[in-house]
Amino acid sequence: QKEGFSCALPKAMAVGLPAVVSSIPANSQLVRDGVHGFTVDVGDTDAIARCFRQLFEDPETRRKMSIAARDEI
């Protein structure tokens, strides 16, 4: 299975949304894990859930990632 770069990702980052993305090369070029959001292994649904939970439960991490994401674009 091949997955390409999503044009929705930079649009989301431009408005300050931290990203949770699969760690394919195209995504990893834009999202630095722990800075602009989180990257997870393809198909690792437990990791995806953990990342979203952390963003939901930790407003300071969410705020920092939001600023970093917006500043990256």
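Let's start at the surface: the protein chain exposes about 4,800 Å², and 53% of that is supplied by carbon and sulfur atoms. Please keep in mind that this is a predicted model.

From the surface, let's go inside. Of the 73 residues in the protein chain, 33% count as buried. As for the outline, the C-alpha atoms fill a box of roughly 35 × 25 × 15 Å along the principal axes.

Now, what is the chain built from? There are four helices and two strands, and if you walk along the sequence you meet them in the pattern α-β-α-β-α-α. The radius of gyration is 11 Å, close to the 11 Å that the globule rule gives for 73 residues, so the protein chain is as compact as a globular protein of that length. Contacts tell us something too: taking those with a separation of 6 or more, 39% join residues 24 or more positions apart.

Let me finish with one pair of helices. Two packed helices are described by the angle between their axes and the distance between those axes. Here the pair is α3, residues 45-57, and α4, residues 59-72. How do their axes cross? They come within 5 Å and cross at roughly 100°. An angle of 65 to 115 degrees counts as roughly perpendicular, and therefore α3 and α4 are roughly perpendicular to each other.

And which residues meet there? On the α3 side we have Q54, L55, F56 and E57, and on the α4 side P59, T61, R62 and M65. Sorted by character, the residues of this contact are four nonpolar, two polar and two charged.

Note on methods. Residues are numbered from 1 along each chain as its sequence is written. This is a predicted model: local features need pLDDT of at least 70, side-chain atom pairs count only at pLDDT 80 or more; totals for chains, interfaces and linings use all residues. Side-chain values use heavy atoms; hydrogens and water are left out. Axes are lines fitted to C-alpha atoms, for helices over the stretch in contact, and angles run from 0 to 180 degrees between N-to-C directions. Angles under 35 degrees count as roughly parallel, over 145 as roughly antiparallel, 65 to 115 as roughly perpendicular and the rest as oblique. Contact means heavy atoms within 4.5 Å. Ala, Val, Leu, Ile, Met, Phe, Trp, Tyr, Cys and Pro count as nonpolar, Asp, Glu, Lys and Arg as charged, and the others, Gly among them, as polar. The radius of gyration is taken over C-alpha atoms; the globule rule is 2.2 Å times the number of residues to the power 0.38. Buried means under 20% relative accessible area, exposed over 50%, partly exposed in between (1.4 Å probe, protein chains only). Accessible areas come from the Shrake-Rupley method with a 1.4 Å probe; for residues, only the protein chains shown count as cover.
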